[in-house]
Structure formats: structure tokens, C-alpha cells
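This report covers salt bridges and the contact between two chains. The sequence and structure come first.

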2 protein chains.
Amino acid sequence: MDEFKFIQSITPKYYRHPNVIKGIGDDAAIIRHQQVDTIMAMDTMVESVHFSKKTTKPYHIGYRALAANISDIAAMGGKATAYLVSIVIPKRWREGQIHEIYQGMNDLAQSFNMDMIGGDTVTGEQLTISITVIGTVQQGKARYRSHAKPDDIVFVTGTLGDSACGLHVLLHCSETEFDQYQHVINRHQMPMPRIPFIQACHKINRMALNDISDGIANEANEIAEASNLLLELDYEKFPIHPSLRNFSEQQQVNWSLSGGEDFELVGTIPAHDWAILEEAAKKSNTDVTKIGVVKDRKNKNGTAWIYHGNEYKQLDKSGYTHLKG
Amino acid sequence: MDEFKFIQSITPKYYRHPNVIKGIGDDAAIIRHQQVDTIMAMDTMVESVHFSKKTTKPYHIGYRALAANISDIAAMGGKATAYLVSIVIPKRWREGQIHEIYQGMNDLAQSFNMDMIGGDTVTGEQLTISITVIGTVQQGKARYRSHAKPDDIVFVTGTLGDSACGLHVLLHCSETEFDQYQHVINRHQMPMPRIPFIQACHKINRMALNDISDGIANEANEIAEASNLLLELDYEKFPIHPSLRNFSEQQQVNWSLSGGEDFELVGTIPAHDWAILEEAAKKSNTDVTKIGVVKDRKNKNGTAWIYHGNEYKQLDKSGYTHLKG
């Protein structure tokens, strides 16, 4: 692969944002953000660790890698504006496949009006994609995990466990069944970061927020820890897509609690803001579900607990639940 | 390695910059840049492609990886303020070694008052470090490669080819000779980005600028292309460190023309600004040398040429020179 020609082929012909002062082509990119804060997140995906060619086409590798990064911007309450991509390309990958990776990123970027403004292209033994995504948020309006308060409602967008179910279908079902499970397969291959929803929530003054990259068990614990409060979830209220109902109860529990990469949002808001949240959900065509409450319990603060069946159990980050005192 | 504990161990206890609104610990970092533009660059280094354990200790891997990125900020005329690090860690690397990598980055970051504000830690087969560096530049004051004008002086900071010579010594000389070549070994392992110098140049209105990451032959061509002018260099004027004089004439030519990773700066300025440049060089304790001029020659614009011995030859990006019409 001729690196120079390759970089030329992936370089945008124009930039969508007027705030891109300098894009690809010099030593660095320049962005102008006026009177807003700049959000930045960086994620890396490695072949056969974070994806395999078997279940993920090159197009979807690019799409998902960028989606995961944009989701971090959503989880801060921001808007994504630009990204940089560093890719390590093994010799066995064909140039056409690498183009498909960039096409997957570009199609998602287009739907958010984002620009690719830089990055790096190097050779190596294992396909590795590092993305740095840049976004904006109004000063003082970022949504931190530490913003929960007692009596807040815990909400979640969309449905839980779809991506893990989709991966299971791709790995273990026959292709004739794929049609029936197209929804969860799509959710695995082309997750949609919740930027429009979180932008529509601008009227809500305070919100703790996290995106579901590792599973809600993990993310609920992170909010509980950062806010030093108890997050109390009710499993019966979890939004589960009908596709998951064809699988065992145990699979449903595992996927919805600890299936990662749904890139939905989990957050907490004051109860009196629930109507505003529902309005924002409607406006952005997003489902939201109340799944719990925030409590201040000295001996349980910093942890998440769950009502499941007739039991009240502590919820580990891994999704494992166990009865405790 | 316990990833959670590892991340805790590398997370800064405080941030040096008040403009770091949120560092490590939420979904993304937040930076506040008021009335200045934000510069961003991203570089990736892969084990056995960009460095080998034989010549580069973990400490120096981190140091050099960050230095390369900071140098891109210098090459835009900016000041570096923060960075994000994504690292792919193979199982065979010990945690202590990974800490040394971060220590190398942190020591360099400290000398520039920079903060590490985020990143990612994943496992994989080949040690890979991607760094995104963030800097600032006054609006409209960025130094592009395209800023050269006819009759400009072409200058270079420091000496050329030191890093390549240092690598050669590490690979081919006996350890007893290392003392004698400590200067070039240091230049290879701990290159110093030219931020103080370029900041001291703020009085110069116009400057084309590039950093020497691939060799001056490449960078001079990039300025010539971007400015669509001819860069005419004089080999006799090249600043060469005495250490290089112990090697063959051909080695000196190769290293100074196409030895990469010196992370010096090459630029062009109006002749009447030379005194200001010298003053900035003095103030920042940097050597600067005139090595050529910019010309407008219709049939040669976009290329670099060099006087060498009694010949006037076109200089390829690779450093290869050849006689032409």
C-alpha cells in the first residue's frame, strides 16, 4: 500500500464545520471553539480482542469504533464535532478493506456532521484503531457521573443487552436465523450514540450520566461510586427487546446486566424533571425507562443494588449479584 | 495486570493547568481554551516498527512518543498543554516496564507543564502507543507549511542527523564507545521539541514551518509543495554535530538529509526578520542556521534542490539526489 496515496484517498475534500481552521495536511489540526468547552475522549480497538473478522465486517469495525467514541461525548452531555484516527495496518489486510473501515466511520460521522481532522497510518502485526473524538459542551453544563443526588430517578435509554445478544446470534446461530434477529445484529454492528437525545435534554439542570459500554451493572456502580450514593435498580423494569425473550432467562439476565456496547445512556435526574426528560425522549425519538432510584444509605453508598425476583442483592460491576447482610 | 489499579496508578493526583476542567475519571476530558485556537495532533508508535527494546528503554519509548507529538505542536507555532495516551499492552510486558513508559512521558510533560487528561489501556500482541496532544495558538497565528514566500531565508534549528547517528551507534558500536557518543545517543532517546524557541518567535509575523520527523529532505519538499515554490538548500551550510564527523562522508550525507526524528524545526522567514529570529534563538538557548533560500521558478516550484559539492541537484523526499535538466 502506498501510504501517501492512501492518506490522500481518505482525506476529506471539504470540512463540514466552519470551526475546523486546519484539517489534514499540515503538522496538526486546528479547531476554534468559541465560548464553549472542548470535550475529548480516546478509545482503542484491537483485532481479536475487541472484534473479530468473523462477526464484524471492516465497515462495521470503523462504524463501531467511532460510535464508541461519540458515545463518550454523549455521556458528558456534549455534541461531537471532529475526530482523529490512528490505524495500525497489518500486511495481510487489503487496501479495499481499510477503505471500508474508513467508510463506516465516515457514514456515521456524516450523520452527526462531524469532520475527520487528522491521525496517523502505520504498519504493524495486529489491526488496531485508536480514535480521538472532540466535542463541545456549554461551560458548566457537562454531565458528570458524580452529579447524582438522593431521590433521583435512575433512567436508561433504549433497550439493554441487544448488542451482546446480536453477537451471540452471529457466533452461534445459523445464517437462516439472521433475518429474525436483524434488530439485535444491527444493534451490535451499528450502535447509535445518543447525541440527539442528550442535546434535547438541555433544559434539565442537573443529571448524572454514563454511557453503557461495559454493561449497566458496571455503569450504575460507577455513578454510585462517583456520587457516593446507593443506586437501587429494579430488574423487572429493565427494557428488554422481544428478540431476547427467545433465549434462556439466564442469558437475558447476563446480557441485560453485563452485556456491553449497547451505547445507551444511564443517568439520574430529579423526579420533578421526569416530564422534561420524556419530552426530550419524544423529540429525539428515543425510548426512556425508569429503572430505579438513588438513595443515601451510609453503609451502602458507593454501590449498586438490584431487586430481582424476590431478592434484593448487591450488583457487582461484572453483573454478578450476591446476597449480602 | 489489574487494569483498574493500573489506571489508578498512572492517574495524575492533580492537574497543572487550570484549563483542565475535567481530567481522567469520567467518560471524557474537558478543556477550556478561551480566545485561542486548539491544536491537535495524533501519532502512533509500534514496537519493532518505530522502536526496538534493544535500543530504546521503556522510559525512552514513552519520552520519545510524547516528544514526537509535542514537536507537531511546535511545528504549528503552538504551545502544548495536554495529552491523551492509548496503549496496547502485550502480556509479555511487565507492569513495571509500562510504568517506566508513563514515567518517560510524565517527565517530559512536566518540563512543558502539560497534563495527561485521558486515554485507553487495552491488551494486544504488539506494544503500540497512540498519543493525542493538545495545544493552543493565538487565532490567526498558526505557522503553516504553505506560508513561504520568494526570497525567504530557509533556517533550521539545532543540528541535523544526530538521532540517526545515535541509533547507528546503539546498533553497531560497542558499549565502550557509548560515552564518546553520549550526545547523539541522548538526541536519539530524548529529543527536545522546540516549543520555547517557537514561542520566542512570536514577533515574526509570517513563517512557514515544519518539524523534522522524517528528515530535512522530506520536510523541505513539504514546505516547497505546500507553498508552491522552490526551496534551494546549500549542503555546505548544514549544521552537523562534530560526533558525525567520525563517520564516512556518505553516512553524514544520509543522516543529515534523511535521518528522521531529530525533531528540529525547519522554516522560512522574510530576510528582514533574521535579527528577530536570532534574538529568539538566543533567548531560548537554541542554535539557528541559514541553510537556503526560497525562490519562485515556474518549472521547479513544488520541489527542493540542493547545492552539494560542485553540483546543483533535485532533492527527493527520501533524501536521494539526482541531476536533472
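## Salt bridges and the chain contact

Between chain B and chain A there are six salt bridges, a salt bridge being a side-chain nitrogen of Lys or Arg within 4 Å of a carboxyl oxygen of Asp or Glu. This is a predicted model, in which local features need pLDDT of at least 70, side-chain atom pairs count only at pLDDT 80 or more, and totals for chains, interfaces and linings use all residues. Residues are numbered from 1 along each chain as its sequence is written, chains are lettered from A in the order in which they are written, and side-chain values use heavy atoms, without hydrogens and water.

One salt bridge of the contact joins Arg145(B) to Asp27(A), with 2.9 Å between the closest N and O atoms. Polar contacts (N or O atoms within 3.5 Å, one able to donate a hydrogen and the other to accept it; residues adjacent in sequence count only if both atoms are side-chain atoms) link 20 residue pairs between chain B and chain A, both residues at pLDDT 80 or more.

The contact (heavy atoms within 4.5 Å) takes 56 residues from chain B and 56 residues from chain A. About 4,300 Å² is buried between the two chains, and carbon and sulfur atoms give 51% of this area. Buried area is the accessible area (1.4 Å probe) that two parts lose on being put together, summed over both. In chain B, Asp27(B), Met40(B) and Met42(B) lose the most area to chain A, together 18% of what that side buries.

Across the chains, strand β3 (residues 36-46) of chain A pairs with β2(B) in the antiparallel sense over three bridges; pairing requires at least two DSSP bridges. Strands are DSSP runs of E with at least two residues, and helices are runs of H or I with at least four, numbered from the N terminus. Ile39(A) has Ile30(B) as its bridge partner in β2(B).

Salt bridges also occur within the chains, and the structure holds 28 over all chains.

| Salt bridge | Closest N to O distance |
|---|---|
| Glu264(A) and Arg187(A) | 2.7 Å |
| Glu225(A) and Lys317(A) | 3.3 Å |
| Glu264(B) and Arg194(B) | 2.7 Å |

Glu264(B) lies in the loop between α8 (249-258) and β10 (265-269) of chain B and Arg194(B) in the loop between α5 (182-189) and α6 (195-200), so the pair ties together parts 70 residues apart in sequence. Glu264(B) is buried at 0% relative accessible area, and Arg194(B) is buried at 17%. Buried means under 20%, exposed over 50% and partly exposed in between (1.4 Å probe, protein chains only). By contrast, Glu225(A) is partly exposed at 42%, and Lys317(A) is partly exposed at 28%.
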